[in-house]
Amino acid sequence: MSKLQAKYKRVTTHSLLEMKRNREKISMLTAYDYTLAKIIDDGGVDVILVGDSASNVMAGHETTLPITLDQMIYHASSVVRAVNRALIVVDMPFGSYQGNSKKALSSAIRIMKESGGHSVKVEGGSEIIESISRILSAGIPVMGHLGLTPQSIYKFGTYTVRAKENEEAKKLLEDAKLLEKAGCFALVLEKVPAKLAKKIANSITIPVIGIGAGHEVDGQVLVLHDMIGMNHEFNPRFLRRYLNLYNDITSAVKNYVSDVKSTDFPNEKEQY
Ligand code: KIV
């Protein structure tokens, strides 16, 4: 862990603002369970996102839409039990906050009370501003998420780069300013042109954490299972793989199966 990382014994929403002001980049990864959350917290990541990508990664759904509030609370509480340093952000699942700000507040309160997470994340700008304001009014920190917002995949039709056209880019910048004004402590910007991401990061005082948004933002987020190569089918341009665990685990399993079949495992030292 670097000296700068050690400075933040426990990362808070305020530490993230300070990091932006000090031009220290923010690192964020997803986790959905106790064991991996403990490893990445020990590794010094600043923010752990209990992402609704658990719907894809943990449950094998095609989209993030099916995951429920109860399931997000289950994942988040497992992560909370593991983490000592990182700030924990919990995704509010599809259907738990859109279109009804009272429901949004009660969903956010359930997440905070039942999981022990430190903040929530929601997808969208002006369309959900009433929900964001109501959640914030209860003292719950909110992270925004703009650009490619996977909960709206059926509206977009594809997972390609967003805001390439001027009109959408303009709306994105307006939404980022709106979220800052409403009181969000940070926002995720997913799959937008790097030039636009830089402009947005320079136009607001809250940290902008990018995924597929270039390096001139205030931090980066990746889905842990992608970054450690747990699958080999998902290969977007923005993904850097730091491990190839799909291959490592497959070959470990092959070796185990072969050792069991040949009675090489367990040997005399491995029995009572
Ligand atoms: O759910 C998730 O994993 C996310 C990240 C891709 C930012 O929202």
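**View 1. Residues around the ligand in the predicted model.** In this predicted model, the ligand is surrounded by Thr30, Leu49, Gly51, Asp52, Ser53, Asp91, Lys121, His145, Val188, Ile211 and Val223.

**View 2. Polar side-chain atoms facing oxygen atoms of the ligand, at Asp52, Ser53 and Asp91.** Aspartate 52 places a polar side-chain atom 3.0 Å from an oxygen atom of the ligand, while for serine 53 the corresponding distance from a polar side-chain atom to a ligand oxygen atom is 2.5 Å. Aspartate 91 also has a polar side-chain atom beside the ligand, at 3.1 Å from an oxygen atom. Taken on its own, the ligand has 260 Å² of accessible area, and the protein covers 95% of this.

**View 3. The two domains of the chain.** Domain 1 spans residues 3-241, and domain 2 spans residues 244-272. Taken over C-alpha atoms, the centres of domain 1 and domain 2 lie 38 Å apart, and the contact between these domains draws on five residues from domain 1 and four residues from domain 2.

**View 4. The surface shared by domain 1 and domain 2.** Between them, the two domains bury about 410 Å², with 65% of that area on carbon and sulfur atoms. On the side of domain 1, the residues that lose the most area to domain 2 are Ile228, Met230 and His232, which together account for 75% of what that side buries. Three residue pairs, with both residues at pLDDT 80 or more, are in polar contact between the domains, whereas the count of salt bridges between domain 1 and domain 2 is zero. The residues with which domain 1 touches domain 2 comprise two nonpolar and three polar residues, and no charged ones.

Conventions:
Residues are numbered from 1 along each chain as its sequence is written. This is a predicted model: local features need pLDDT of at least 70, side-chain atom pairs count only at pLDDT 80 or more; totals for chains, interfaces and linings use all residues. Side-chain values use heavy atoms; hydrogens and water are left out. Domain bounds come from an automatic or database domain assignment. Contact means heavy atoms within 4.5 Å. Buried area is the accessible area (1.4 Å probe) that two parts lose on being put together, summed over both. A salt bridge is a side-chain nitrogen of Lys or Arg within 4 Å of a carboxyl oxygen of Asp or Glu. A polar contact is a pair of N or O atoms within 3.5 Å; within protein, one must be able to donate a hydrogen and the other to accept it, and residues adjacent in sequence count only if both atoms are side-chain atoms. Ala, Val, Leu, Ile, Met, Phe, Trp, Tyr, Cys and Pro count as nonpolar, Asp, Glu, Lys and Arg as charged, and the others, Gly among them, as polar. A residue is near a molecule or strand if one of its heavy atoms lies within 4 Å of it. Accessible areas come from the Shrake-Rupley method with a 1.4 Å probe; for residues, only the protein chains shown count as cover.
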